[in-house]
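Okay, everyone, thanks for coming. Let me put the model up on the screen, and then I'll walk you through it.

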Amino acid sequence: MGTTKQHHVTIKGMKDGLVFLLDDTCEFTALIQDLQYKLEHTHQNILTGPIMHVDVKLGARAVSDAEKEEILNILKQKGNLLIRSIESDEPVTTSVSENDMKIMTGVVRSGQVLHHVGNLLFLGDINPGGTVNCTGDIYVMGALRGMAHAGFEGNVDAIIAASYFSPTQLRIADVISRPPDEWEIKESNMEFAYLQEGHMQIDKIQNIARLRKDTHIFKGV
């Protein structure tokens, strides 16, 4: 006599990839178990094929960074799945200040996706094929050679700064720019990208005070 298996993960094929719809009402442990099961026993024709972009929908579930990382790590077990986004309908809580800055170190390698809610200071390199998504600003103290998406949830005031700019693609809110369409790599100075009237602009980091009025400026003696 068999038992009825609860399905907490739905995989849908889209024109440009896959969407994983995750049940937002079940226990997180049950969700993880079903996700693991689906990846190992179902949809093998697409889960073992060519590279597929994946969008993960969390519904109204509120997840911690550790839980989100656990979901991403399971998906990454399938080498052909390239995580494009992981989204939640959970309203942004006001207890987390938009000005909070999280500091992380490491290297984002090809195929890896770093997702963060808030502003991020990343001490390390973003390699080609690596992706960083943030709802706020992205500051990279290293080389940005992959993709960076600031203002991931629509914040057009977000910026992207890096010690060395050579990204495969920049995104701020819904605006996409890729070199050399709208900007050029100039000197090796630290620079930042921002939106001006809907267009991506690049400027030297010392001019960031024009956009961040609370930045303290050193004027020398």
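I'll go through the cores, then the strands, then the salt bridges.

One thing to keep in mind: this is a predicted model.

So, let's begin inside. The largest nonpolar core has 24 residues, and the ones that touch the most other members are Phe20, Ile71, Leu75 and Leu81. Which elements give two or more residues to this core? They are β1 (9–14), β2 (17–22), α1 (28–41), β3 (52–57), α3 (65–76) and β4 (81–87). Helix α1 makes the largest contribution, with five residues.

Let's zoom in on Ile71. If we skip its neighbours within four places in sequence, Ile71 is in contact with Leu22, Phe28, Ile32, Leu35, Leu58 and Ile86. There's also another core, apart from the largest one, with 23 residues, and Ile138, Leu144, Ala150 and Ile202 are among them.

Now for the strands. A quick reminder for the first-years: strands in a sheet pair through backbone hydrogen bonds, and they can do that parallel or antiparallel. Here we have an open sheet of five strands, ordered β6-β8-β10-β12-β13, and the pairing is mixed. Which strands stand at the edges? Those are β6 (113–116) and β13 (175–177); each has a single partner strand, so one side of each has no neighbour in the sheet. On average, neighbouring strands of this sheet are turned by 10° against each other, if you ignore direction.

Take one pair from that sheet. Strands β8 (residues 131–134) and β10 (residues 147–150) are parallel partners, with three bridges between them. If you want to find the spot on screen, look for Thr131, which sits opposite Met147 in β10.

Next, have a look at β14, residues 191–196. Is this strand mostly covered or mostly open? Mostly covered: five of its six residues are buried. Strand β14 pairs with β11 (residues 160–165) in the antiparallel sense over three bridges, and there you can see Ala161 opposite Phe192. Strand β14 also runs antiparallel to β15 (residues 199–204), with six bridges joining the two. In that pairing, Tyr194 stands opposite Gln201. The hairpin of β14 and β15 has two residues between the strands, and Glu197 takes a positive phi near 55° there.

Last topic: charges. Side chains of opposite charge can pair when their charged atoms come close. How many salt bridges does the structure hold? Five, and I'll show you three.

Here's one: Asp16 and Arg84 meet through their side chains at 3.3 Å, N to O. Asp16 is in the loop between β1 and β2, while Arg84 is in strand β4, so this pair links distant parts of the chain, 68 residues apart. Asp16, at 47% relative accessibility, counts as partly exposed, and so does Arg84, at 25%.

Then there's Lys57 with Glu87, at 2.8 Å, N to O. Why does this pair tie together parts that are 30 residues apart in sequence? Because Lys57 lies in strand β3 and Glu87 in strand β4. Lys57 is partly exposed at 31%, and Glu87 is partly exposed at 32%.

And here's Lys102 with Asp65, where the closest N and O atoms are 2.9 Å apart. Lys102 belongs to strand β5 (residues 101–108) and Asp65 to helix α3, so parts 37 residues apart in sequence get tied together.

One more thing: salt bridges that share partners join Asp16, Asp55 and Arg84 into one network. That's it from me, so over to you!

Conventions. Residues are numbered from 1 along each chain as its sequence is written. This is a predicted model: local features need pLDDT of at least 70, side-chain atom pairs count only at pLDDT 80 or more; totals for chains, interfaces and linings use all residues. Side-chain values use heavy atoms; hydrogens and water are left out. A nonpolar core is a set of buried Ala, Val, Leu, Ile, Met, Phe, Trp, Tyr and Cys residues joined through side-chain atoms within 4.5 Å. Buried means under 20% relative accessible area, exposed over 50%, partly exposed in between (1.4 Å probe, protein chains only). Helices (H or I, at least four residues) and strands (E, at least two) are DSSP runs, numbered from the N terminus. Contact means heavy atoms within 4.5 Å. Two strands pair if DSSP finds at least two bridges between them. Axes are lines fitted to C-alpha atoms, for helices over the stretch in contact, and angles run from 0 to 180 degrees between N-to-C directions. A salt bridge is a side-chain nitrogen of Lys or Arg within 4 Å of a carboxyl oxygen of Asp or Glu.
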